[in-house]
Amino acid sequence: MIGNLDIVMLQQIWWIICSVVGALFLFLTFVQGGQTLLWQVAKSDQEKSLVINSLGRKWELTFTTLVLFGGALFAAFPKFYATSFGGAYWVWMLILFTFIVQAVSYEYRTKPNNLLGAQTYELFLFINGSVGVLLIGAAVGTFFTGSNFTLNDFNQVTWTNPLRGLEAAFSLFNLSLGFFLVFNARVLGAMYLVNNIDFNGVPEFEARVRKSCLVNFLLALPFLLYVVVSLVLIDGFGTDTNGVVSMVAHKYLSNLLAMPVVLGLLVVGLFLVILGVTRTSLARSTTGIWFGGLGTVLVGLAVFFTAGFNGTPFYPSKIDLQSSLTIYNASSSHYTLTAMTYVALFIPVVLGYVAYVWKQMDSRKIGMRDISDKKAY
Amino acid sequence: MGEIDLATVNWARAQFILTAMYHWLFVPITLGLSFLLAFFESMYVRTGKEEWKNLTKFWMTLFGINFAIGVATGIILEFQFGTNWSSYSWMVGDIFGAPLAIEGIFAFFLEATFFAVMFFGWDRTTKGFHLFSTWMVAVGSNLSALWILVANGWMQYPIGMAFNPESARFEMQNFWEVLFSPVAVAKFTHTTSSSFVVGSFFVITISSYYLLKGRHVEMAKKSIIVASVFGLLSSVFAAFTGDESAYANGRFQPMKMAAYEGLYEGAKGADIVALGILTSGKRVGDGQKPFAFEVSIPHGLSIMAKREWNAFVPGIKDLVYGNEAEGIMPVTEKMEKGKAAIADLAMMQKARKAGDEPAKVAALERFKVNQDYLGFGYLDTPEEIVPPVATTYYSFHVMVYLGTFFILLLLLYLYYSYKDALEDKKWLLLLGFCSFFLALTASEMGWVVAEVGRQPWAIQDLLPVKMATTKIAAGHVQASFAIFFIMFAVLLIAEIKIMLKQIKIGPEGV
């Protein structure tokens, strides 16, 4: 069946697959959010240890999902990969640096003789959770605000802004999306910790974590509002039937209206996040993360679908509209997309064993016993 | 395709050398040690003896320290194809991106998911599931090696694809040809087996240190036996797969082979230089003797390259200036054809833009005649196709000498272990103590041969490295190079300090 799909169908399928991976990554940023909460919710070394060890069993999943997101975009939309990574050089480099320092920090933080001291590794985790997520948000923001590049006949990218991608962080819209993701990650982080840690004997610690979920949600709100209102009001990039790109008034609003499913994803997603917050902060439930997580995935999907579907170039160029990338002009060949679609059939298996192992490992919460283990982080 | 900034090219190259070689300090340990952990734990599950469990946990601690930095440095390489090599990423992304994505789906998640069970699941899962997880980490690590090596193999021997002049890029035509290309198969088997050797020597070096110090003697001896058996089997296999790689080079990358053998003049029944010092400053076509001193084995190279006693093996000179008798076209001619292909491609793009269909079709027909030589059109001189001979030659020979030495060393280790006399052989333990550093050197040298030996090509014969970079001012690449360099230096010192401390603490501390 897959062998008979036409290229347009495959391009759309791959935009959906990339969106799913990207949205799952946004859910998994509860690890990054938790990292930034460390200094606020954990007052003693013991509490810190609980947080780190709880997150430490999951950080690699988030990291791997980010790598897969990059890999899937490379395989399915190589023109985007080449244009954005090569063009918006510094925004990607800085994101990369924050993930490099994250990867060693869990393992090295409490090991004796670790050169930099536990505080430095905690700082690395904080930088990853704040700067890293902020810049990822800013980079995603350029899907709507556009970038500064032209492509020549051979599709080589020329970036016209000397900041090479860092300019993305100087747009109010991009910054707002970034800050929303940072605070949303913190909300999710608090939900996850509530779900994952055994708070027996440390009720004040639990209260702080539960409270931080609500506080961070309130902090996220103004940024979310700014992003949503802007999306409704701003002109967007649109392609006509001949693939010619032009500025279209209220493009993203009309995308949402033209694709009610996407609007539904957005609304239901936001509702679920709110539900997760109330369950975590106002009720004494530990299941908030599942609502907040699913909600974040749905919001993420809505964002990516709005950016890429309904005749919208997902990686628009502000300075040369016709250089803008759509899922149709940036994709791999028919053959490669077909082959990769067969490979993608394996994704549910991956999700299956990840879920199974997660359940096995988390059937007992992280408690004092785990942090006194010699293998503990 | 626009002007080339050689400073950018060279800094991008430098950054790739730095990041790839640094990443490779940790990867072979992961590939080899992950299987050793699985063996150790299997012994524990079979025998039920706590000493095997403690031994497994000790090596697992060291594994974790190494693994973290391996992960941290691995993500750089994926990003880097985009950041520094965006022209490359566009031109071959249709083929090269797929293995990277597959690596993520098939391999990284196995590693990431089961790593957590392996480390933290001792009392959270059953014994059986824990063992299964340890095996899955080993399988996942080595599967990730498979896909990235398939991608690398494709660059060395581009197959299963065609150039699409409409999009001006290479596109995949046959996935299975890419996956099962003889170069990819040889590369995967040789890289993993030689990494198993590195992992084995990691264990042997630390265990030998303990024996020399008279500490943790029983654990060290047990570890040595398992690592020596695994190391010996892998070493022998690495020798075979190394021969297979050389045979693949003989067929698909004769220039690389000529460089690592120091062969300037091709010959029938060519000799192989077993030991030799290159004449310094030798250039192709300058009439100097290639070697200042050499010991050769008659017909050795013909047998290695073509598996025939009297086969012709082309030398650097033949490959650059051509050899009519053997049907080798001179590079000058290839360059002319390549330049014609580039011109026709540009003309085709122009006609396409102007909507001039007949002109486009005509240009396309002309392009097809010369398209196999496209890459040569970007060269400035024929001599540009010669890689740095001395670097390639010495790296190759150091690798081969060390590989042979490892087999002897492991035989001695097994013999004296069998006699239970290892502790008394201080000289052997000292050699064993050095072995990991030598093995890592051999492993890095292998990559030098593979990558320096294929210069100037990013994709053999199709895309020179200088055409593959991002259009970016050299200063940006320089700056990111500097940041990587400082970061790597700090993290490496941290890693070594932590590792040494854990070794000093020893198995009782884990």
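**Figure 1. Strand E3 of chain A and its hairpin partner in the predicted model.** Strand E3(A) covers residues 236-239, and its side chains are split between two directions. Gly236(A) and Gly238(A) point one way, whereas Phe237(A) and Thr239(A) point the other way. All four are buried. In a regular strand the side chains alternate between the two faces of the sheet. E3(A) pairs with strand E4 (residues 245-248) of chain A in the antiparallel sense, over 4 bridges. Across from Phe237(A), in E4(A), stands Met247(A). The hairpin has 5 residues between the strands, and Gly243(A) takes a positive phi near 85° in this hairpin.

**Figure 2. His250(A), in the loop that follows E4 of chain A.** The loop that holds His250(A) runs between E4 and helix H10 (251-258) of chain A. His250(A) is not a glycine, yet its phi is positive, at about 50°. Most residues other than glycine have a negative phi, and most peptide bonds are trans. His250(A) is partly exposed because 15 other C-beta atoms lie within 10 Å.

**Figure 3. Asn113(A), in the loop between H6 and helix H7 of chain A.** Helix H7 of chain A spans residues 118-145. Asn113(A) has a phi near 65°, which is a positive value in a residue other than glycine. Its surroundings hold 15 other C-beta atoms within 10 Å, so Asn113(A) is classed as partly exposed.

**Figure 4. Thr65(A) in helix H4 of chain A.** Is Thr65(A) buried or exposed? Thr65(A) counts as buried because it has 24 C-beta neighbours inside 10 Å, and the cut-off for a buried residue is 20 or more. With neighbours within four places in sequence left aside, Thr65(A) is in contact with Val21(A), Leu24(A), Phe25(A) and Leu28(A). Ser44(A) is 21 residues from Thr65(A) in sequence, and their C-alpha atoms are 32 Å apart in space.

**Figure 5. The side of chain A that touches chain B.** How many residues of each chain are in contact with the other chain? Chain A has 61 residues in contact with 62 residues of chain B. On the chain A side, the elements that give two or more residues are helices H4 (59-76), H5 (78-87), H6 (89-108), H13 (334-344) and H14 (347-361), together with strand E2 (157-159). By class, this side of chain A divides into 37 nonpolar, 14 polar and 10 charged residues.

**Figure 6. Chain B as a whole.** The secondary structure of chain B comes to 16 helices and 8 strands. Its C-alpha atoms fill a box of roughly 80 × 50 × 40 Å along the principal axes. The radius of gyration of chain B is 25 Å, which agrees with the value near 24 Å for a compact globule with 510 residues. Of these 510 residues, 53% count as buried. When contacts in chain B between residues at least 6 apart in sequence are taken, 76% join residues at least 24 apart.

**Figure 7. The contact between the two domains of chain B.** Domain 1 of chain B consists of 6-253 + 387-509, and domain 2 of 263-386. Their C-alpha centres lie 31 Å apart. The contact takes 18 residues from domain 1 of chain B and 17 residues from domain 2 of chain B. On the domain 1 side, helix H8 (217-252), helix H14 (389-418) and strand E8 (463-464) of chain B each give two or more residues. H8(B) gives the most to this side, with 4 residues. The domain 1 side has 15 nonpolar, 1 polar and 2 charged residues.

**Figure 8. The largest nonpolar core, with Leu36(B).** This core has 290 residues, and those with the most contacts inside it are Leu96(A), Leu36(B) and Trp59(B). Helix H4 (residues 86-120) of chain B gives the most to the core, with 24 residues. Each of domain 1 and domain 2 of chain B supplies at least three residues to the core. Beyond its neighbours within four places in sequence, Leu36(B) is in contact with residues including Trp59(B), Gly199(B), Val226(B) and Phe230(B).

**Figure 9. The cis peptide bond at Pro456(B).** Gln455(B) and Pro456(B) are joined by a cis peptide bond, with omega about 5°. Pro456(B) is found in the loop between helix H15 (426-452) and strand E7 (457-459) of chain B.

Conventions:
Residues numbered from 1 in each chain as written. Chains lettered and ligands numbered in written order. Predicted model: local features only at pLDDT ≥ 70, side-chain atom pairs only at ≥ 80, totals over all residues. Buried ≥ 20, exposed ≤ 12 C-beta atoms within 10 Å, placed from the backbone. Pairing = 2+ DSSP bridges. Contact = placed C-beta atoms within 7 Å. Nonpolar A, V, L, I, M, F, W, Y, C, P; charged D, E, K, R; others polar. Domains from an automatic or database assignment. Rg over C-alpha atoms; globule rule 2.2 N^0.38 Å. Core = buried A, V, L, I, M, F, W, Y, C linked by C-beta atoms within 7 Å.
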